[in-house]
Amino acid sequence: IRDKESRLIMDANIEIPGQGTQQTTMDIYSVGEWQYIKMDVTGVGEQWMKMKTPAEYSQDQVAQLTAMMESSIKTTSLGTEKVNGIDCYVLEIVPDMAALWDWLMSQWGEDPTGNLNVDQFDMSEIVKEFGLKYWVAKNNYQMIRAEAEMTIEMDAEAAGVSADELESMIIQMSMDMSFSNYDKAVDIELPEEALDAQEITP
């Protein structure tokens with residue numbers, strides 16, 4: 001949906017044996033036909049990039065998460081909790097692994113693993129830990145919060161490099177999203193520095 005605006009902030013920790021842990025923060029603004037991405041990488045600093053929003057890109061996070069729940073392998077009720085004063089059902093989802101990966105990559109806007117070709121792997125072999133939880137309002141069933149975590153362990157072949165360059169890599173990704181003000185207009189203010197962002201091709 002091209003006439004909508006959104007902002008998404010994500011953190012990821014990439015642990016490479018012998019090289020320590022690299023923390024990456026991404027701040028993604030979707031405005032009109034463009035996505036503006038600020039990356040803050042440990043030891044590198046901040047970088048701004050922009051790219052045309054893919055035609056298939058959807059800003060409707062709730063619809064994407066709901067679709068993943070509908071295609072899940074297993075859904076477990078964890079009881080109820082209050083979120084921002086709203087009584088919610090808490091659901092733990094065991095999603096289809098490929099669907100979870102596709103969704104996470106759609107949030108990043110690019111593959112943080114270095115263009116991992118997931119088609120040649122059984123995702124259950126490289127994804128060592130994952131979790132997906134939803135908080136759904138009891139009164140109207142609207143999604144109020146979603147939390148996703150994933151730990152990936154890759155060898156040199158999966159990373160697309162030689163064994164001399166990399167023995168293994170551990171990537172930890174986490175997302176915690178809150179939803180409110182349904183059906184209300186929002187105003188996303190794009191930082192000035194984003195206007196000078198380097199254009200990239202997805």
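Tutor: Contact means heavy atoms within 4.5 Å. This is a predicted model, where local features need pLDDT of at least 70, side-chain atom pairs count only at pLDDT 80 or more, and totals for chains, interfaces and linings use all residues. Residues are numbered from 1 along each chain as its sequence is written, and side-chain values use heavy atoms, with hydrogens and water left out.

Student: Which residues does Ile37 touch?

Tutor: Not counting residues up to four places away in sequence, Ile37 touches Met26, Asp27, Ile28, Gln47, Trp48, Met49 and Met51.

Student: What makes a set of residues a nonpolar core?

Tutor: The members are buried Ala, Val, Leu, Ile, Met, Phe, Trp, Tyr and Cys residues, joined through side-chain atoms within 4.5 Å. Buried means under 20% relative accessible area, exposed means over 50%, and partly exposed lies in between (1.4 Å probe, protein chains only). The largest such core here has 22 residues. Ile37, Leu65, Tyr134, Ala146 and Met177 touch the most other members. A second, separate core has nine residues, among them Ile152, Met169, Ile171 and Met173.

Student: Why would such side chains group together?

Tutor: In soluble globular proteins, nonpolar side chains tend to be buried together.

Student: Why is Gly32 called partly exposed?

Tutor: Its relative accessible area is 28%. That falls between the two cut-offs, so Gly32 counts as partly exposed. Gly32 lies in the loop between β2 (20-31) and β3 (34-41). Strands (E, at least two residues) and helices (H or I, at least four) are DSSP runs, numbered from the N terminus.

Student: How do you know whether Asn84 is buried or exposed?

Tutor: Asn84 has a relative accessible area of 70%. That is over the upper cut-off, so Asn84 is exposed. Asn84 is found in the loop between β5 (74-83) and β6 (86-94).

Student: What is phi of Asn84 near?

Tutor: Phi of Asn84 is near 55°, a positive value in a residue other than glycine. Tyr141 also has a positive phi, near 65°. The general pattern runs the other way: most residues other than glycine have a negative phi. Tyr141 sits in the loop between β7 (127-137) and β8 (143-155). At 60% relative accessibility, Tyr141 counts as exposed.

Student: What makes a pair a salt bridge?

Tutor: A side-chain nitrogen of Lys or Arg must be within 4 Å of a carboxyl oxygen of Asp or Glu. A search of the whole structure finds five. Asp87 and Lys82 pair at 3.0 Å, N to O, so that pair meets the cut-off. Lys82 is exposed at 58%, while Asp87 is partly exposed at 40%. Glu46 and Lys38 also form a salt bridge, at 4.0 Å, N to O.

Student: Which salt bridges are linked in a network?

Tutor: The network takes in Arg145, Glu147 and Asp176. Asp176 and Arg145 meet at 3.0 Å, N to O. That pair links distant parts of the chain, 31 residues apart: Asp176 is in strand β9 (residues 168-178), Arg145 in strand β8. At 47% relative accessibility, Asp176 is partly exposed.

Student: Why does Lys50 have no salt bridge?

Tutor: The nearest side chain of opposite charge, Glu199, is 5.0 Å away. Lys and Arg count as positive, Asp and Glu as negative, and His and the chain ends are not counted. The 5.0 Å gap is not within 4 Å, so no salt bridge is assigned. Lys50 is nonetheless buried. Lys50 belongs to strand β4 (residues 45-52). Its contacts include Trp34, Tyr36, Glu199 and Ile200.
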